[in-house]
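Reader: I should like to go through this model and ask what each descriptive term rests on. Please set each value against the criterion behind it.

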Amino acid sequence: MAYLLISMLTVLLLALYLRQQALQQQVHRLKERLDSLADVTGHVEYKSDYISEKLQNELKLLKKSGQPVQAVKHLREQTGLSLVQAKQFVDKL
């Protein structure tokens with residue numbers, strides 16, 4: 001009985017993992033399509049990696065005041081970027 005339950009749980013977890021992977025791929029394709037449309041129409045503010053001028057200025061101020069970690073944190077909170085992406089962006093400022 002326990003083996004059956006473990007087997008069913010394993011199959012369920014595998015199915016959930018595969019569904020999550022499929023959804024991630026779909027989101028990636030939609031971001032690419034959105035970025036392409038933003039480029040074609042000239043609306044760069046709709047690109048998935050767009051960071052407004054106001055936010056960039058806030059990040060520059062944080063970085064200049066010796067708070068690069070706060071700048072990365074603020075960028076992540078505002079945009080949802082990964083830690084690596086946010087750090088790379090702040091480093092380039």
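Reader: What is the accessible surface of the chain, and what share of it belongs to carbon and sulfur atoms?

Author: This is a predicted model. The accessible surface of the chain comes to about 7700 Å², and carbon and sulfur atoms hold 62% of that area.

Reader: Which secondary structure elements does the chain contain, and in what order do they run?

Author: The chain has four helices and zero strands. From the N terminus on, the order is α-α-α-α.

Reader: What makes the chain more spread out than a compact globule?

Author: For 93 residues the globule rule gives 12 Å, whereas the radius of gyration of the chain is 20 Å, well over that value; the chain is therefore more spread out than a compact globule. Along its principal axes, the C-alpha trace spans about 65 × 35 × 15 Å. Buried residues account for 13% of the 93 residues.

Reader: Why is the pair aspartate 39 and lysine 47 called a salt bridge?

Author: The term requires a side-chain nitrogen of Lys or Arg within 4 Å of a carboxyl oxygen of Asp or Glu. For aspartate 39 and lysine 47 the N to O distance is 3.2 Å, so the criterion of 4 Å is met.

Reader: Why are aspartate 39 and lysine 47 each called partly exposed?

Author: Buried means under 20% relative accessible area and exposed means over 50%. Aspartate 39, with 46%, is therefore partly exposed. Lysine 47, at 24% relative accessibility, likewise counts as partly exposed.

Reader: How do you know that aspartate 35 has no salt bridge?

Author: The nearest side chain of opposite charge, that of lysine 47, is 5.6 Å away, and the cut-off is 4 Å, so the pair does not qualify. Aspartate 35 is nevertheless buried. This residue lies in helix H1 (residues 2-41). Leaving aside neighbours within four places in sequence, aspartate 35 is in contact with Lys47 and Ser48.

Reader: How many salt bridges does the structure hold, and what makes aspartate 91 and lysine 87 one of them?

Author: The structure holds two salt bridges. In the pair of aspartate 91 and lysine 87, the closest N and O atoms are 2.9 Å apart, which lies within the 4 Å cut-off. Both residues belong to helix H4 (residues 83-92), where they are four residues apart, about one turn of the helix.

Reader: Are aspartate 91 and lysine 87 buried, exposed or partly exposed?

Author: Aspartate 91 has a relative accessible area of 44% and is partly exposed. Lysine 87, with 42%, is also partly exposed.

How values were computed: Residues numbered from 1 in each chain as written. Predicted model: local features only at pLDDT ≥ 70, side-chain atom pairs only at ≥ 80, totals over all residues. Heavy atoms only, no water. Helix = DSSP H or I, 4+ residues; strand = E, 2+ residues; numbered from the N terminus. Rg over C-alpha atoms; globule rule 2.2 N^0.38 Å. Buried < 20%, exposed > 50% of the residue type's maximum accessible area, 1.4 Å probe, protein only. Areas by Shrake-Rupley, 256 points an atom, 1.4 Å probe, with all protein chains shown as cover. Lys, Arg positive; Asp, Glu negative; His and termini not counted. Contact = heavy atoms within 4.5 Å.
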